[in-house]
2 protein chains.
Amino acid sequence: MKPKITLKSLAEILNVSVSTVSKSLANNPEISDETRLRVRAVATKYNYIPNQYAVRLRKGNTKTIGVIIPNILNPFFAKVLIGLEEVLSKKGYNIITSISHESTEKEIKCVKTMSLGFIDGLIMCLAKETQINKEFSHLDMIIDKELPMVLFDRIHNDIECDKVINDDYEASYRATTHLIQDKGCKNIALVSSIADVHLGKLRLEGYQQALIDHGIEVNPSHIINSPNLIDFTSRIPSALKDQSIDGFFGVNESAIMKTINIAKKMEYDISTLVPIAAFCNTYQLRNHPSLIIVDQHATEIGHKTAQLMLDRLLKDEQKSYTTATVKASLDYKTY
Amino acid sequence: MKPKITLKSLAEILNVSVSTVSKSLANNPEISDETRLRVRAVATKYNYIPNQYAVRLRKGNTKTIGVIIPNILNPFFAKVLIGLEEVLSKKGYNIITSISHESTEKEIKCVKTMSLGFIDGLIMCLAKETQINKEFSHLDMIIDKELPMVLFDRIHNDIECDKVINDDYEASYRATTHLIQDKGCKNIALVSSIADVHLGKLRLEGYQQALIDHGIEVNPSHIINSPNLIDFTSRIPSALKDQSIDGFFGVNESAIMKTINIAKKMEYDISTLVPIAAFCNTYQLRNHPSLIIVDQHATEIGHKTAQLMLDRLLKDEQKSYTTATVKASLDYKTY
DNA sequence: CTGAAAGCGCTAACAA
DNA sequence: TTGTTAGCGCTTTCAG
């Protein structure tokens, strides 16, 4: 690598002091236009770039936010990331991203590296394992240092921090109601692989309440849940053969995906068979005809989360923690 | 935020010098076990975390790698990212990711921020716009600073750096040959939305050569290319109605996706109609029955790219630039 | 208007 | 075995 060009070397070239160079580059009005321009010209010529590590050491803030997401292949998280980046980068913040791969062990590692004095704040979505086992002790590393933390999507009441979630219960209620009222469904099968996590339970409850409120009895055999989709290969075919089922509600994307694929293998074209509503973020599934999508507005979740982080960072008042809700919307257009 | 706990404050608490604390924490054998342990105990108690910006300023390297990808929603890039992270984080490197959204303007911005003294090296995949317009001047910021740079997937000969790509021509040749030899196809339609980028051309050429080598004439009307898929709505239906077409080759995922969806809207179930081969990284498409997938081994591309970066970073010999090729494989299993 | 100097938190060569 | 000290590159106060 070339010899690094620093303030000092510029100063030597220009025969001025280091502080003059620094001030000139900062457009400090103390410096005369003449020297200021002369300095800046040389700096550009030599392609001078300030060492951010020195700047940040000096200034005392890192201007970087850590983000931990469980799975980058899930487009929901990818979209949230895009949203986060949009607002944080605009404010001059950098983002370091780590992926927990849904494992608490990996998550702890991420938190450790992150809290290693790198970041001004942490944004994360809990790994499935973490949320289920309620193992949050590693977050104390963050909380003890009083680093601002914002959790999104998968949260827990015991963790004291700002949070951003969807209105999962209500969205689920609305989607189910839509199937009942507008599509005339009476026997809606619910497919899920996330009934063990909190938000999965909420969505299930929304579905159940909608049924009840419309005078439909909840039929347990219509609730198909299997954490790793393993039961799906046995349970979905019988559901498909059950003539009474006149609608599907997919509580999460992989569950409805699996259902559609199993149907396809059985040579059922599920999309022409019965109405389907589902939480979904994949562009591909959106092309599926006659699918009613519950759009979580992932990018907006990113925006909101980033904003909450900035609020903590910039305002020193100790306002109490908030939980923001992003309203999911039913999306009928299939394109 | 709490008062930061630093080496100095620890030293005061312990009534030893700063360097004793530093050495103890670094497990320097110079220090007696007794003080070493005493120091470490207090450090853990107070949750001491070294300020990385100070460490890096002192040590002179940033231990972070910049990564710029065009689109995080494309699972190919998401997988490459996973691969990169796997090997870089193991070596103690952090990653800052930025997304160019396929725009040169945004890409320039990313490169600027990155080169702002943050990174030890840059890994990137060119934005489509950048590759098409051959606008690489912003990369000079990196090259001039002699920062190691590794390009993957979308590359250009004019850019002097290490590169990692797939064997696109050969993979395309193999896939087409498979359709011809094993599936008995004679009239294979090629669908593409990337014929304007280099790798899209290579894949097209591989297809054409395979046809020629098997005594099949290249029929231009069988080559359906449209940069933004706009022509697909008009051209795909006629291709589907053309009884002579007995196979499809998707040069990229969105093209084959669009084809399948248009077919679906026309009530053709393409998968039972004719054999399809396609470059594809989406888990969802993998479930598509009877689809022959060209697997680019994106994660491996990530591994290889990261390895090339580490080689540059760790070995100071000025070896000449290499271009590594990751062999794509044909994947028949549909699960 | 310009420069000298202190110090951010850390490491490491050198001294004791 | 421990401590002193210089300095990484930068900003900023204070003095000139």
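**Exercise 1.** Find which atom of DNA strand D lies 2.4 Å from a polar side-chain atom of A:Y48.

*Solution.* The partner of this polar side-chain atom of A:Y48 is a phosphate oxygen of DNA strand D. The pair can be set against the definition of a polar contact, which is a pair of N or O atoms within 3.5 Å. Before going on, note that this is a predicted model, in which local features need pLDDT of at least 70, side-chain atom pairs count only at pLDDT 80 or more, and totals for chains, interfaces and linings use all residues. Residues are numbered from 1 along each chain as its sequence is written, chains are lettered from A and ligands numbered from 1 in the order in which they are written, and side-chain values use heavy atoms, with hydrogens and water left out.

**Exercise 2.** Find which backbone atoms lie 2.5 Å and 2.9 Å from a phosphate oxygen of DNA strand D.

*Solution.* At 2.5 Å there is a backbone N or O atom of A:L7, and at 2.9 Å there is a backbone N or O atom of B:S32.

**Exercise 3.** Describe the surface near DNA strand D by residue class and by element.

*Solution.* A residue is near the strand if one of its heavy atoms lies within 4 Å of it. There are 23 residues around DNA strand D, and among those that come nearest are A:R58 and B:K23. By class, they divide into nine nonpolar, nine polar and five charged. By element, the largest share, four residues, comes from α2(A).

Definitions and conventions: Polar contact = N/O pair within 3.5 Å; in protein donor to acceptor, adjacent residues only side chain to side chain. Helix = DSSP H or I, 4+ residues; strand = E, 2+ residues; numbered from the N terminus. Nonpolar A, V, L, I, M, F, W, Y, C, P; charged D, E, K, R; others polar.
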